[in-house]
Amino acid sequence: MPSNIPITPSTLSVKDLPWQIDWNKDKCTLCGQCTAVCPVQAIELGVFRKRALDMSPGFTKPPESTMQIYYGIRQKTDPAYICVGCAMCNLVCPNGAITPCSSDEADKLVFHRDRGGLPRSRGGRRNVAGTVLDQIKFIRISMLTDPALDAGRHEFEIRTLLGRVLPPEENLKFIRQNGWIPPVREIYPLMIGGMSFGALSPNMWEGIQMGVAYLNEEMGMPVRISTGEGGCPPRLLRSRFLKYVILQIASGYFGWDEIIHALPEMKEDPCAIEIKYGQGAKPGDGGLLMWYKVNRLIAAIRGVPIGVSLPSPPTHQTQYSIEESVAKMIQSMAMAWGFRVPVYPKISGTSTALAVLNNLTRNPFAGGLGIDGEDGGTGAAYNISMNHMGYPIASNIRDAYLGLVTAGMQNEIPLIAGGGIGKSGNLAANAAALIMLGASGIQIGKYIMQAAAGCLGSESDRCNICNIGQCPKGITSQDPRLYRRLDPEQVAQRVVDVFLSFDTELKKIIAPLGRSTSLPVGMSDALGINDYHISERLSINYVV
Amino acid sequence: MCRLFSITSEEPLSPMVAFEALDVMREGHDGSGVGLFLRDLGGPFEDMKDAPILSGIFTENGLKRLDAFMMNLGFMTKYKLPIKVSKTPPAGVPKRDIYLIRAYEYPEEWDGLDQLELHNRLVNIRLQLREMGRAEGDMMVFSFWPDVIMIKEIGEPLKVAQHLKLDRKDIQARVIMAQGRQNTNYAINLYACHPFFLQGFSTMTNGENTAFIPVRDYLQSRGFPGYTGYQSDSEVFTHILHYTLERLGLGIEAYKHIITPLQDADIAMHPDAKLLQQLKQSCRRLIIDGPNCVIGCLPDHTLFMVQDRKKLRPGVVGGRPGRYAFSSEICGLDAAIPDRDKTLDFQPMHLDTAIVGPNRQEVAVCRQTSPLPLPR
């Protein structure tokens with residue numbers, strides 16, 4: 001390295017970076033594993049020249065100055081190779097000689113992440129920790145006047161409905177007249193939301209699917225998983241496991257050629273069709289699979305060329321009005337499966353959600369509404385979309401539910417909430433709060449990556465490189481050298497662990513409320529919060 | 001937890017039967033309220049089965065306003081049952097001006113109305129009066145319906161009965177329901193006293209209804225003016241009963257399938273699996289989630305008791321042909337019908353609806369796993 005470093009506007013020191021590598025020369029074995037594993041090549045072998053003074057005791061000879069060399073780790077400061085804090089170096093170091101440390105002051109890198117005029121894009125969630133959901137408490141504890149239930153031994157029916165539920169009068173009339181009754185699925189209220197084959201590595205996808213199949217077939221828990229926009233592997237489409245899968249169609253229609261062609265050979269109907277109109281992490285923006293991840297397999301399933309970025313349009317190109325085109329799209333998808341499969345749209349959290357919902361109430365084929373709040377995760381999005389766009393899920397779902405109550409349709413259109421649920425680790429508490437605010441079902445994505453596969457991403461902007469296919473855990477990579485780190489069997493095991501522990505925790509919440517026979521959707525009298533304005537906004541109890 | 005007692009008898013009985021039965025169960029209520037429901041009336045009301053009877057509590061001013069209101073609608077008083085009380089009420093019982101039980105003649109222009117319209121008008125008048133009373137605090141109206149009397153008051157049940165001098169020949173009924181209230185988390189309010197009444201349907205309940213808020217929200221959004229009130233979480237049971245039988249046209253056997261449906265595995269084995277699965281889905285917001293014991297009365301004078309899925313509340317039915325009683329505790333049954341075959345006493349469990357029909361000859365037990373009669 002030249003001693004006189006050229007100073008350019010984007011020349012940064014290590015101190016200017018969000019993550020600084022702390023390397024201990026005494027412990028380092030110089031094995032090189034850290035530099036090999038670093039997904040962004042932020043560290044490299046450093047050859048350091050150092051002055052040494054030789055001052056023999058007794059002044060037998062005059063002091064001498066010599067130059068010595070030692071080897072170690074050097075952190076790059078070029079914005080293209082910035083440490084993302086994933087700490088894989090620490091994970092592989094046999095002596096614990098290296099670890100990234102979070103900077104103690106605001107980084108300066110943030111001002112230089114637009115080289116070539118390209119703003120930053122990344123994976124992960126909005127970089128803000130915590131949610132309102134974490135502050136909600138469950139306050140209606142059954143005490144003496146009615147007994148609390150035994151979460152461990154009482155019988156519980158933790159199920160929800162997905163699909164258009166008729167009003168009771170019409171339901172009975174249609175039964176008598178042998179009329180068409182919309183398909184309704186009784187499923188577990190916690191679902192795995194859309195993470196596409198492509199965004200996730202094959203091993204990750206396989207692991208989740210195996211876990212879901214095990215939950216259904218061995219544990220009796222009807223857990224469902226959405227494919228995300230990326231199609232579905234042909235063998236899964238033709239297998240009996242398809243009934244556990246919600247096929248997602250989005251504006252890029254990726255994978256739907258394969259799905260349509262598989263229709264005549266399907267042994268089972270899918271659980272449902274999710275039409276994605278928006279996503280919480282990047283509201284008003286389409287899906288994005290960057291070129292790094294579009295290998296032969298992904299290209300084949302999606303029906304696209306290899307190695308091109310796949311940005312879906314922000315909206316479905318056939319769509320010019322909600323009254324007509326959305327209704328038609330819902331109806332077309334319903335028709336493709338002979339009206340035996342529920343079809344529902346999923347939108348980003350937005351202040352216009354009520355307008356969408358009002359429209360769906362008038363569409364007899366709409367089987368629900370998914371709302372993905374601002375804290376949702378993604379494999380790839382512009383940083384600006386992730387950090388600044390979107391609507392918080394709590395008040396969005398509450399408004400939607402109360403809107404349905406006003407219309408008397410709260411049982412007819414299930415609301416599915418997503419977006420940052422369990423972001424602080426409080427999965428069951430967040431899910432229960434949303435259910436009591438009015439959600440019928442909950443979708444999680446990022447939480448599964450974190451809990452079932454060890455995703456390192458966090459809201460302090462750690463890792464978050466899902467977009468470039470370099471996932472150090474092999475979760476969101478299409479490179480076999482990376483995704484072979486992930487054993488699908490172990491992912492499946494963790495998925496099962498997550499759902500079983502969630503089930504126990506959910507019971508630990510609803511049993512003390514005295515609820516066991518039905519999911520407490522809209523049981524807002526059980527909720528309290530110690531912020532007056534939030535309590536007013538959500539129409540729940542203010543408690544201090 | 002409250003205490004419930006109801007009795008159905010071929011011969012008209014004094015309501016004191018019920019008060020005495022409640023009195024032996026007095027550990028279970030705290031004087032925060034008592035409610036009495038009388039139907040299939042004897043005495044002077046025997047000959048005016050069709051005349052709507054207004055039951056309520058009024059101040060002098062409220063009574064004047066009531067008279068003006070009813071006159072204006074064209075209602076003529078047909079019969080008044082005077083209730084004279086001593087000037088000083090017993091401890092715990094508030095002082096009231098007038099306990100009103102009054103039968104009316106329908107306005108002439110109501111002649112020839114179809115029954116549905118007639119019933120809806122009666123509900124609307126009761127709700128209007130209730131609203132007028134809420135505004136001025138001078139009237140409380142419990143029922144306005146033919147062949148039905150309701151009395152509600154705060155206080156120890158037996159003391160209230162003695163205070164109102166209910167042990168008299170002209171207050172008799174073949175169906176009596178009474179509840180001694182144990183106040184829980186809602187304010188003491190006469191409108192929160194069971195039994196509740198709507199268009200011929202009445203229920204009273206033991207236990208809190210943990211799903212009250214979503215159930216209330218759902219009923220209120222049905223677009224029927226009678227689904228209102230809800231000073232007590234138990235009022236929804238009456239309205240769900242009304243909804244099940246009147247709006248859905250189902251029988252009493254289906255009531256339990258609405259409020260506390262079978263689990264899926266049991267539904268799959270049920271002969272009416274398809275119907276029940278659909279009902280469970282479309283009536284999901286009416287699932288009560290207990291723990292509750294509900295005693296109710298239908299317009300045809302059928303009495304029934306139903307337990308929720310948890311079966312945590314006490315309830316027993318027993319008697320002899322011609323006279324049966326439903327009670328929270330066996331001691332209440334013993335007080336009312338001592339001369340029965342106690343070996344035939346029946347405590348409905350989590351799948352049972354116990355029904356005593358209008359002929360009062362037997363206790364029919366409908367298990368939830370049994371086939372349902374077809375929808376009417």
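How many residues does the contact take from chain A, and how many from chain B? Keep that question in mind while you select the two chains together in this predicted model; the contact takes 34 residues from chain A and 31 residues from chain B. Within the side of chain A that touches chain B, select helix H3, residues 168-177, which gives the most to that side, with six residues. If you then colour this side of chain A by residue class, you will find 15 nonpolar, 12 polar and seven charged residues.

**Chain A as a whole**

Hide chain B for a moment and show chain A as a cartoon, where 16 helices and 21 strands can be followed. Chain A is as compact as a globular protein of its length, because its radius of gyration of 26 Å is close to the 24 Å that the globule rule gives for 544 residues. Turned along its principal axes, the C-alpha trace of chain A spans about 110 × 60 × 45 Å. Buried residues make up 50% of the 544 residues in this chain, and, among its contacts with a separation of 6 or more, 76% are accounted for by residues 24 or more positions apart.

Next, select Ser539(A), which lies in the loop between helix H16 (532-538) and strand S21 (541-542) of chain A. Most residues other than glycine have a negative phi. Ser539(A), although not a glycine, has a positive phi of about 50°. Around Ser539(A) there are 14 other C-beta atoms within 10 Å, so this residue counts as partly exposed.

**Chain B as a whole**

Now bring back chain B and hide chain A; the secondary structure of chain B comes to 10 helices and 16 strands. With a radius of gyration of 20 Å, close to the 21 Å that the globule rule gives for 376 residues, chain B is also as compact as a globular protein of that length. Its C-alpha atoms fill a box of roughly 60 × 45 × 40 Å, taken along the principal axes. Of the 376 residues of chain B, 54% count as buried, and residues 24 or more positions apart account for 75% of the contacts in this chain with a separation of 6 or more.

**A covered helix and the loop after it**

Select helix H5 of chain B, residues 212-220, and ask how many of its nine residues are buried. The helix is mostly covered, with eight of the nine buried; among them are Phe212(B), Ile213(B), Arg216(B), Asp217(B) and Tyr218(B). To see what covers the buried residues of H5(B), show both chains again, since the cover includes helix H11 (393-407) of chain A together with helix H6 (235-247) of chain B.

From there, move to Tyr230(B), found in the loop between H5 and H6 of chain B. The phi of Tyr230(B) is near 60°, a positive value in a residue other than glycine. Is Tyr230(B) buried or exposed? Tyr230(B) counts as buried, because it has 21 C-beta neighbours inside 10 Å, where 20 or more are required.

**A cis peptide bond**

For the last stop, select His194(B) and Pro195(B), and look at the peptide bond that runs from one to the other. Most peptide bonds are trans. The bond from His194(B) to Pro195(B), however, is cis, with omega near -10°. To place it in the fold, extend the selection to the flanking strands, as Pro195(B) sits in the loop between strand S8 (173-180) and strand S9 (196-198) of chain B.

Conventions: Residues are numbered from 1 along each chain as its sequence is written. Chains are lettered from A and ligands numbered from 1 in the order in which they are written. This is a predicted model: local features need pLDDT of at least 70, side-chain atom pairs count only at pLDDT 80 or more; totals for chains, interfaces and linings use all residues. Helices (H or I, at least four residues) and strands (E, at least two) are DSSP runs, numbered from the N terminus. The radius of gyration is taken over C-alpha atoms; the globule rule is 2.2 Å times the number of residues to the power 0.38. A residue is buried if 20 or more other C-beta atoms lie within 10 Å of its own, exposed if 12 or fewer, and partly exposed in between; C-beta atoms are placed from the backbone. Two residues are in contact if their C-beta atoms, placed from the backbone, lie within 7 Å. Ala, Val, Leu, Ile, Met, Phe, Trp, Tyr, Cys and Pro count as nonpolar, Asp, Glu, Lys and Arg as charged, and the others, Gly among them, as polar.
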